[in-house]
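Hello,

Here is the structure I promised to pass on to you. Please have it open while you read, as my notes follow below.

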Amino acid sequence: MSDEFQSSKPIYMQIADKIIIDIVRGKQKFGDKMPSVREMAVQMGVNPNTVQRTYSELERMGIVETRRGQGTFVVENEQLLNEIKGSLQTEIIKTFVEKMSEMGVTKDQMMACLKLYLEEEQ
């Protein structure tokens, strides 16, 4: 996994993004226990301090909670999950529009391109 990290964003935030996407997709469910810091560090191929920082950031965001002596768990908060999902969708769409605009693609062309792509995917 460590070869897959981008230099443009801190590694701990890239790991946090991956965890958030896993939660949004249902791979990690409300109340699930997260792997220990050491386990996650081995899985991700990073230093345990990086994972600790990731968990701290996720806790600050209200996505996980640490229970002393038990570990770190995904919080049970459907409203938060829906807000995060909406934010991710907006971020992805914004990036798409910015990249297409940089290429000189008009909004109408973007819509046509997106429609064609979605029709081909079905």
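Let me start with Glu98, which is partly exposed, at a relative accessible area of 41%. Please keep in mind that this is a predicted model. Glu98 forms a salt bridge with Lys94, and the closest N and O atoms are 4.0 Å apart. Both residues belong to helix α4, where 4 residues, about one turn of the helix, separate them. Lys94 counts as exposed because its relative accessibility is 52%, and the cut-off for exposed is over 50%.

In general, side chains of opposite charge can pair when their charged atoms come close. The structure holds 7 salt bridges, and here are some others you may like to look at.

- Glu57 and Arg60 meet through their side chains at 2.5 Å, N to O. The two lie 3 residues apart in helix α3 (residues 48-60), again about one turn of the helix. Glu57 counts as buried, at 15% relative accessibility, whereas Arg60 counts as exposed, at 61%.
- Asp17 and Lys9 have a salt bridge between their side chains, at 2.4 Å from N to O. Asp17 is partly exposed, with 23% relative accessibility, and Lys9 is also partly exposed, with a relative accessible area of 29%.
- Lys18, Asp22 and Lys27 are linked with one another in a network of salt bridges.

Next, the pocket. The largest one holds about 380 Å³ of space. It is lined by 16 residues, and those closest to its centre are Ile21, Ile84, Leu88, Gln89 and Ile92. Two elements, α1 (11-25) and α4, each give two or more residues to this lining. The largest share, 8 residues, comes from α4. Sorted by class, the lining has 8 nonpolar, 3 polar and 5 charged residues.

Helix α4 also has a part in a surface feature. Ile93, Phe96, Val97, Leu114, Tyr117 and Leu118 form a nonpolar patch on the surface, and together they have about 520 Å² of accessible area. The elements that give two or more residues to the patch are α4 (78-102) and α5 (107-121). One of the patch residues, Ile93, lies in α4 and is exposed, with a relative accessible area of 53%.

If you look at one element first, I would suggest α4: it carries the Glu98 and Lys94 pair, gives the largest share of the pocket lining and contributes to the nonpolar patch.

Best wishes

Methods. Residues are numbered from 1 along each chain as its sequence is written. This is a predicted model: local features need pLDDT of at least 70, side-chain atom pairs count only at pLDDT 80 or more; totals for chains, interfaces and linings use all residues. Side-chain values use heavy atoms; hydrogens and water are left out. Patches are made of residues with over 30% relative accessible area and no salt bridge: like charges are joined within 9 Å, nonpolar side chains (Val, Leu, Ile, Met, Phe, Trp, Tyr) within 5 Å. Accessible areas come from the Shrake-Rupley method with a 1.4 Å probe; for residues, only the protein chains shown count as cover. Buried means under 20% relative accessible area, exposed over 50%, partly exposed in between (1.4 Å probe, protein chains only). On a 1 Å grid over the protein atoms alone, a cavity is a set of points where a 1.4 Å probe fits but cannot get out, and a pocket is an open set with protein on both sides within 12 Å along at least five of seven lines; lining residues have an atom within 4 Å of a point. Grid points are joined across faces, edges and corners, and a volume is the space filled by probe spheres set on the points. Ala, Val, Leu, Ile, Met, Phe, Trp, Tyr, Cys and Pro count as nonpolar, Asp, Glu, Lys and Arg as charged, and the others, Gly among them, as polar.
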